[in-house]
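I opened this notebook to record what I looked up in one structure, entry by entry. The sequence and the model come before the notes.

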Amino acid sequence: MQLGLIHSYADLPPEFHTTEQPAVPSDPRLLIWNDVLADELRLGEALRPHAHELFSGQKLPEDAQPIAMAYAGHQYAHFVPSLGDGRAILLGERHDRGGVLRDIQLKGSGRTHWSRGGDGRAAVGPMLREYLVSEAMHALGIPTTRSLAVVSTGEKVLREDALPGAVLTRVAASHVRVGTFQYFAARGNTAAVQTLLRYCIGRHYPALASSPAPALDFLGAVAQRQAQLIAGWMSVGFIHGVMNTDNMTVSGETIDFGPCAFMDPYDPRAVFSSIDRHGRYSFGNQPAIAQWNLARLAETLLPLIDADTERAVELATAIIEPFIAQFDTAFLDRLRRKMGLTTAEDGDAELASTLLQLMRDATADFTLTFRAMADALSPASGQALREQI
C-alpha cells in the first residue's frame, strides 16, 4: 500500500540523514487512531485496517524512504555535536488538504545510526501521553507536532521495569531543529548550512525566497514564530521541560513532549524535569531560553549573514535582542483575552502582572483562576471569556 509520500528531505545530500529500517514488531496492535488528522492528511478509511502494520514498522508503505535525520544540540547548555534521530524514522512527507507539506515519522521504532547505545524503543505510556498532550496543544490553538497513531509492538521495553512497547506516528510541518543547523556549523560545513537554509525557506518561509538578506530575514522570521509559540505555551500554563536546541523547531511548532506539564498552582519557578535541578527550563525562564536558543541559531548563520564577522554579529544581535519584548507583547495580548479585556490600555501590563503576583502568593490554580473569572460574569460574557481560557 502506498501513502502518496514524497521525499524532499531524503533528497538532500547524504550528510543530512542516514538510511534506516525500523525494527519489525512481533505483534503490533493499533491502540489509538486519529481520524481527524487522518482526514486532514487525505488518508482514506481504507488505510485504517492496515495502520497497525504500516505505522509500527512491520510492513512499511511501498513508497516510504525511511531515514533518520542528523542534528546536534545544546543539552542543558552543553553542546553535543552529534545527536540525530536515535529512535525516530522519517517515512516521508505528504501534502495535507491545505497544501502544507507534513512529515510522517515513526517514533520508538528501534535503533538507528544515532542511537548511541540506546535501544531506540518507546513504551506505551509515554507514547500515549505524547498523543494526548500534542493533540491537546493543537486543540488549544498552539502550533505543535501532531499524533496520528499509537501502535503497541507486543514486546517489552526495558527501563527501570519491563514495560509494553509502542510506536507513535508523529506528524509535523517538519522536524528541522536549531540543532540541525548546529550539526553542520560545528563541522565548518557552510555549504550544508546554506543548503539547509534554502530548504527551510522554501518549505516554511517562501515569502523570503527573493529576500536580499535571506539568512538574516530567516532568523527574524523564526524569532517571531518562537515569540508567539512561547506566549501560547505560557498562556495555558504549559511547561515544556527540556528546551534544548535540538528540541526547538525552525517551523515554530512544539516538539518532543518529554517531562512536560500543564501547571496547576501558578509558580514561575515550576519545573517538570527531574534533572533540571537549577530551574534552567522553569516556566518563567522559557522566554529567556528561547532567546538563548535563537542566539545559537544565529551563530550558525553568521557566515551567510555577512562576510565580515563583526558586521554579521551586529546584524544578528539586532534581531535577537528585541525577542523578549516581542514575547512580552504576544503574552500580554493573550492575557488580555483571558482577562476579558477587549481593548488595549496603558495599564494592562501592570494589571496582568498584579493578577499573576496574586496568583503566585495564593498558590492559585492557573487555569481555574481564569475559569472562575469567566464563571463570575453573565452567561453570555462568561462564555466568550471561557473560549479564551
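The entries below go from the whole chain to single strands, helices and residues.

**Entry 1. The chain as a whole**

I noted at the outset that this is a predicted model. I looked up the secondary structure and found 12 helices and 11 strands in the chain. I then checked the radius of gyration: it is 22 Å, close to the 21 Å given by the globule rule for 389 residues, so the chain is as compact as a globular protein of that length. Along the principal axes, the C-alpha atoms fill a box of roughly 60 × 55 × 40 Å.

I next turned to burial and surface. Of the 389 residues, 54% count as buried. The accessible surface comes to about 16700 Å², and 54% of that area belongs to carbon and sulfur atoms. For contacts between residues at least 6 apart in sequence, I recorded that 68% join residues at least 24 apart. I also looked up the charges: the chain has 34 positive and 44 negative ones, and their mean positions are 4 Å apart.

**Entry 2. Strand S7**

I asked how many of the 7 residues of strand S7 (residues 101-107) are buried. The count is 7 of the 7, so S7 is largely enclosed by the rest of the structure. In a regular strand the side chains alternate between the two faces of the sheet. I therefore checked each face of S7 separately, and both are covered. On one side, Leu101, Asp103, Gln105 and Lys107 are buried; on the other, Arg102, Ile104 and Leu106 are buried. I noted that charged residues, among them Asp103, Lys107 and Arg102, appear in this buried set.

**Entry 3. The partners of S7**

I looked up which strands pair with S7. Strand S6 (residues 88-95) runs antiparallel to S7 and is joined to it by 7 bridges. Within this pair, Leu90 stands opposite Gln105, and His95 has Leu101 as its bridge partner. S6 and S7 form a hairpin with 5 residues between them. In the turn, I found that Gly99 has a positive phi of about 85°. S6 is itself mostly covered, with 7 of its 8 residues buried.

Strand S9 (residues 162-172) also pairs with S7 in the antiparallel sense, over 5 bridges. Here Asp103 of S7 stands opposite Ala172 of S9.

**Entry 4. Glu130**

I then moved to helix H3 (residues 124-139), where Glu130 is found. Is Glu130 buried or exposed? Its relative accessible area is 1%, and the cut-off for buried is under 20%, so Glu130 counts as buried. Setting aside residues up to four places away in sequence, I listed its contacts as Lys107, Ser147, Leu168, Arg170 and Phe257. Of these, Lys107 belongs to S7, and Leu168 and Arg170 fall within the range of S9.

**Entry 5. Phe238**

I looked up Phe238, which lies in strand S10 (residues 238-239). Its relative accessibility is 0%, so Phe238 counts as buried. Which residues touch Phe238, beyond its neighbours within four places in sequence? I recorded Val133, Met137, Trp233, Thr254, Phe257, Cys260, Ala261, Phe262, Phe283 and Gln286. I noted that Phe257 also appears among the contacts of Glu130. Phe238 and Phe283 are 45 residues apart in sequence, and their C-alpha atoms are 7.4 Å apart in space.

**Entry 6. Helix H4**

I checked the burial of helix H4 (residues 178-185): 7 of its 8 residues are buried, so the helix is largely enclosed by the rest of the structure. The buried residues are Val178, Gly179, Thr180, Phe181, Gln182, Tyr183 and Phe184. I then looked up what covers them, and the cover includes strand S4 (73-75), strand S5 (78-80), helix H5 (190-204), helix H6 (214-235) and helix H7 (286-305).

**Entry 7. Positive phi values**

Most residues other than glycine have a negative phi, and most peptide bonds are trans. I therefore recorded two residues that depart from a negative phi without being glycine. Tyr76 has a phi near 50° and lies in the loop between S4 and S5. Arg116 has a positive phi of about 50° and is found in the loop between S7 and H3. At 60% relative accessibility, over the 50% cut-off, Arg116 counts as exposed.

Note on methods: Residues numbered from 1 in each chain as written. Predicted model: local features only at pLDDT ≥ 70, side-chain atom pairs only at ≥ 80, totals over all residues. Heavy atoms only, no water. Buried < 20%, exposed > 50% of the residue type's maximum accessible area, 1.4 Å probe, protein only. Helix = DSSP H or I, 4+ residues; strand = E, 2+ residues; numbered from the N terminus. Pairing = 2+ DSSP bridges. Rg over C-alpha atoms; globule rule 2.2 N^0.38 Å. Contact = heavy atoms within 4.5 Å. Areas by Shrake-Rupley, 256 points an atom, 1.4 Å probe, with all protein chains shown as cover. Charge placed at Lys NZ, Arg CZ, Asp CG, Glu CD.
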